[in-house]
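Below is a brief report on one model. Take the sequence and coordinates first, then the notes.

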Amino acid sequence: MDVLRDYANELDAEVHSTDPGGTITFPLMPVGQTVDMGHDTRGKPLFDPRIFSSREFFRNPYPYYRILRDHYPVYHDKLHNTYYITRYEDVWRCYFDDEGFNTIPKGSSSGVLGNTQLELSGIEHRRRRNLYGQHLVGRSLDLRVPSIQRLARDMIRDWDNQTDTPWVIDEGKKRIVELGMAFANEFPVRVVCEVLGFPSEAQKQFYYWYNSMMSGLGGSLTHKQGLEARQSLEDYVQDLVEERRRKPSFLKDEDGKIIGKDIITKLCETKVDGDYLSTEEITSNIALVVAAGGETTRGAIINMWYLLLQHPDQFAALCANPDETWDRAFHETLRNSSPIGGQPRHNTFDVNMHGMHVPAGSLMQMVDFSANHDDRVFKDPEKFDIFRDDLYSGKLLRSGFMKEGRCSHMAFGVGPHLCPGAWISHQEAVEGSRILQRTLKNIRLCTERMPKDIDGVSLAPIGIVRVPQLWLEYDRE
Amino acid sequence: MNAPVTTGDAPATDDVVIGDNGVAIPRFNHGGTGWRSYEVHQRERVGESTEKINGAQLASAEYAADPYPLLAILRENYPCYRDWINNCYWITRYDDVTSIFTDEANFENRSKLWYYGIEGFGRDLREELPVLWAWSKAMDAFAETDTQRLIEGFRKGVTDLARDFAAQLPILLLGRMFEVPDTELAPFAIRYRRAQRGVLWHPTAQETGKGALLELLQYFEPKLRQVGNSDTSVLAAIAGLGGTAADVVTTLLEADHETLHGALGNLWMNLLSQPGALHVVKSDRLAMKIAYLEAMRHSPPVITSERFARHEVERFGKLIPEGGLLRVSALAANRDPRIFNDSDQFIADRRDICHREARGHYRADGLPQGIAFGMGRPTRHPAVPEDRPRSLYALTRDTAVTASWTLAQKLPGIALEPGFVPTMRCLRIGEVFTCWQLPVAY
């Protein structure tokens with residue numbers, strides 16, 4: 001009809017648009033630059049939520065988070081029914097508000113991990129968290145450091161003696177090793193296994209449980225495999241728990257001296273409201289320790305070495321003063337390239353933030369990645385600098401986010417849900433790396449084997465979580 | 001520091017306590033916070049894994065192009081599917097869908113103004129009787145004549161029914177109701193459609209939608225001061241209620257035109273694609289109505305409706321948290337083989353479907369199967385007292401039937417362009433699911 005010709009033409013244009021209306025493939029941009037997603041009439045960049053599931057975002061997330069921080073501090077992603085909180089100050093405020101933003105969505109961990117304290121808040125959360133968290137800090141942790149060091153030395157010696165494996169290549173005077181397969185993937189799991197009190201013969205099986213459960217979280221395609229692993233773990237733990245209930249097991253130092261009971265034994269002896277913990281509750285706690293203690297430390301070790309070896313001046317300074325500098329390297333790594341992106345929360349009440357009304361019960365994603373790169377807090381946040389003076393790099397803060405005028409990174413969260421495994425993760429990464437650095441001579445990146453970026457020449461960025469492979473070479477003589 | 005976070009009952013403070021060790025702790029957490037007790041629900045078991053589908057598929061181009069296979073996987077395997085990617089629950093079986101639609105105590109729908117983030121912008125006056133009367137009189141008065149106008153505008157012998165009929169009739173009718181002259185109809189239609197599309201997730205659509213809302217506001221401000229007195233003018237009815245231009249725009253926005261657009265497109269695609277279907281409806285107006293209902297069952301233009309849990313509620317074996325989003329799929333439910341025989345087949349004279357609006361229930365008395373609720377929930381006033389017009393649901397149905405009957409009578413030899421295979425799709429996830437191209441010869 002003539003009077004509606006312009007309308008019909010606009011419809012035609014949309015019908016013949018190349019945008020399929022669902023997930024699309026975004027072009028890969030140079031690191032630090034974004035795809036042009038359009039602008040509003042005042043020049044403000046628009047944000048397409050489909051970018052979150054794109055390859056481009058996974059390799060180059062930080063410039064997109066900058067758009068959110070600067071223009072949409074509370075971003076309502078209507079496609080995924082999620083609100084994103086991206087500024088440092090907002091994230092810590094929400095983390096500390098245990099009443100207003102109390103837990104992760106119920107069920108998000110229970111699919112595989114079981115009932116854990118992640119889904120609880122307030123006193124219930126604190127009580128359950130402390131059941132095992134107390135064994136991972138302070139004096140309890142100090143007692144376990146020698147065994148962490150021993151495990152690291154054993155693993156390094158094992159692969160240093162290996163030849164002809166896909167991840168250890170002997171070239172005479174030098175060796176090439178993929179650090180993930182040779183060390184970082186398994187080291188944290190072995191530590192957790194030992195701390196929990198699993199027999200050494202179960203450690204390989206433990207690695208399978210860990211991998212399967214991690215990949216089966218959140219309704220993924222390997223969800224069934226995750227549930228099967230969880231069931232297998234539960235079957236195994238059931239016998240172990242019954243045995244520990246009858247016969248406690250102890251951790252010993254290198255001289256064979258008893259330094260305390262293992263965590264499973266302690267959990268078996270624990271009472272809540274007059275009742276002993278059930279086997280399922282113990283299994284869920286174990287599953288959570290396994291999941292939390294593995295991926296974060298694995299990512300931290302790999303990312304830390306990748307970043308350090310790309311900054312040889314900083315690595316040289318570290319080698320000159322390793323006792324004081326590894327802690328700095330660890331914290332700056334977790335600020336710059338944390339293996340954990342953030343934590344989801346449900347808001348208990350209606351919330352108004354930055355002019356955005358968020359109804360109660362909404363999913364609010366606290367983006368630690370973005371908070372750690374907030375230039376309102378950290379100068380030149382994309383730069384890796386272990387000597388930066390605006391990052392708190394001392395002993396991990398138990399509850400605060402700031403000390404002596406410097407902010408901590410958000411990689412472990414802050415507030416009541418601060419990761420209870422943060423301290424042991426720190427010890428594992430730092431002690432393991434310290435031993436690596438002392439043991440391996442002239443360690444450096446094997447750049448020809450490393451994954452490359454889109455230009456085919458530059459090293460691939462870490463992006464979300466961690467670099468998939470880390471090939472190193474070192475001298476044998 | 002500023003205090004960007006304020007919560008309904010939680011203390012809003014920007015005070016920070018610096019402890020003896022120099023650690024900063026927000027004052028409102030100092031000494032502990034309040035707490036809330038949860039029922040911790042059971043974990044999932046191996047048999048409850050959901051590996052046959054992934055949430056990412058439900059936001060994919062594949063889903064926009066053809067949602068039926070994916071929704072069938074959900075309906076037959078995971079009737080209440082917890083989608084972690086899109087943060088929602090998918091409800092896909094007929095009985096479950098109807099139970100949610102009728103459960104207003106536990107589930108709410110949210111206005112389009114909420115999606116825009118401008119709640120309070122204006123009032124939706126569609127339920128006001130003067131507005132509803134004007135609406136019904138306009139639909140009844142102009143459905144046939146405006147269809148004839150469209151037919152007269154077709155190119156001789158050929159046309160695209162999707163574009164030149166299904167997409168345009170709702171606009172012509174809205175123009176009548178809101179006193180938009182022909183000369184201003186195209187810009188009105190463009191703004192109106194942009195405003196509708198801005199409700200959803202696409203950033204460009206959101207931006208142009210906001211602009212279109214403002215333009216519509218400016219357009220109706222002067223018009224509201226010089227409304228006519230026709231009993232088919234919704235604009236005049238709103239003015240009579242003391243409504244503002246924002247009320248007009250809000251009423252328009254909440255009404256939408258795309259369900260009628262999609263219903264007409266999908267009905268005619270089915271009629272023209274199924275051998276013999278057109279023949280069934282040509283001779284009997286009642287048969288056209290039954291075919292329309294069947295089209296709404298077989299190919300409803302709305303894939304899912306969104307409902308939010310008013311409070312924590314356990315349904316379908318899941319603990320749905322307060323604020324939890326349910327994507328309730330009429331499209332999947334209408335293909336539920338537990339309810340309809342040969343549910344994937346379009347049968348113009350289908351017998352196992354309710355042929356009249358149920359009296360407050362989804363299963364009409366004496367009829368074996370439920371109605372097709374492709375157009376949303378029927379009226380809560382099914383008996384239609386004399387002082388009350390039919391519901392918008394019924395008006396849309398009757399308008400579509402009248403227009404389609406008129407078209408079938410005026411163009412008796414209508415047939416699909418040879419070789420053309422029509423399809424339905426969404427232009428974007430969440431938008432109307434319809435046939436966008438339907439070239440015919442007559």
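## Chain B: elements and packing

Chain B of this predicted model holds 16 helices and 15 strands. The chain runs to 442 residues, and 50% of them are buried.

Long-range pairs carry much of the contact list. Take the contacts in chain B with a sequence separation of 6 or more: 67% of them link residues 24 or more positions apart.

## A helix residue in chain B

Helix α9 of chain B spans residues 203-224, and Glu221(B) sits in it. Is Glu221(B) buried, exposed or partly exposed? Count the other C-beta atoms within 10 Å: there are 14, so Glu221(B) is partly exposed. A buried residue would need 20 or more, and an exposed one would have 12 or fewer.

Glu221(B) can also be placed against Ala295(B). The two are 74 residues apart in sequence. In space, their C-alpha atoms are 39 Å apart.

## Chain A: elements and packing

Chain A has 16 helices and 16 strands. Of its 477 residues, 48% are buried. Among contacts in chain A between residues at least 6 apart in sequence, 68% connect residues at least 24 apart.

## Chain A: overall dimensions

What radius of gyration does chain A have? The value is 24 Å. A compact globule of 477 residues would come out near 23 Å, so chain A agrees with that expectation.

Along the principal axes, the C-alpha atoms of chain A fill a box of roughly 90 × 60 × 45 Å.

Methods. Residues numbered from 1 in each chain as written. Chains lettered and ligands numbered in written order. Predicted model: local features only at pLDDT ≥ 70, side-chain atom pairs only at ≥ 80, totals over all residues. Helix = DSSP H or I, 4+ residues; strand = E, 2+ residues; numbered from the N terminus. Contact = placed C-beta atoms within 7 Å. Rg over C-alpha atoms; globule rule 2.2 N^0.38 Å.
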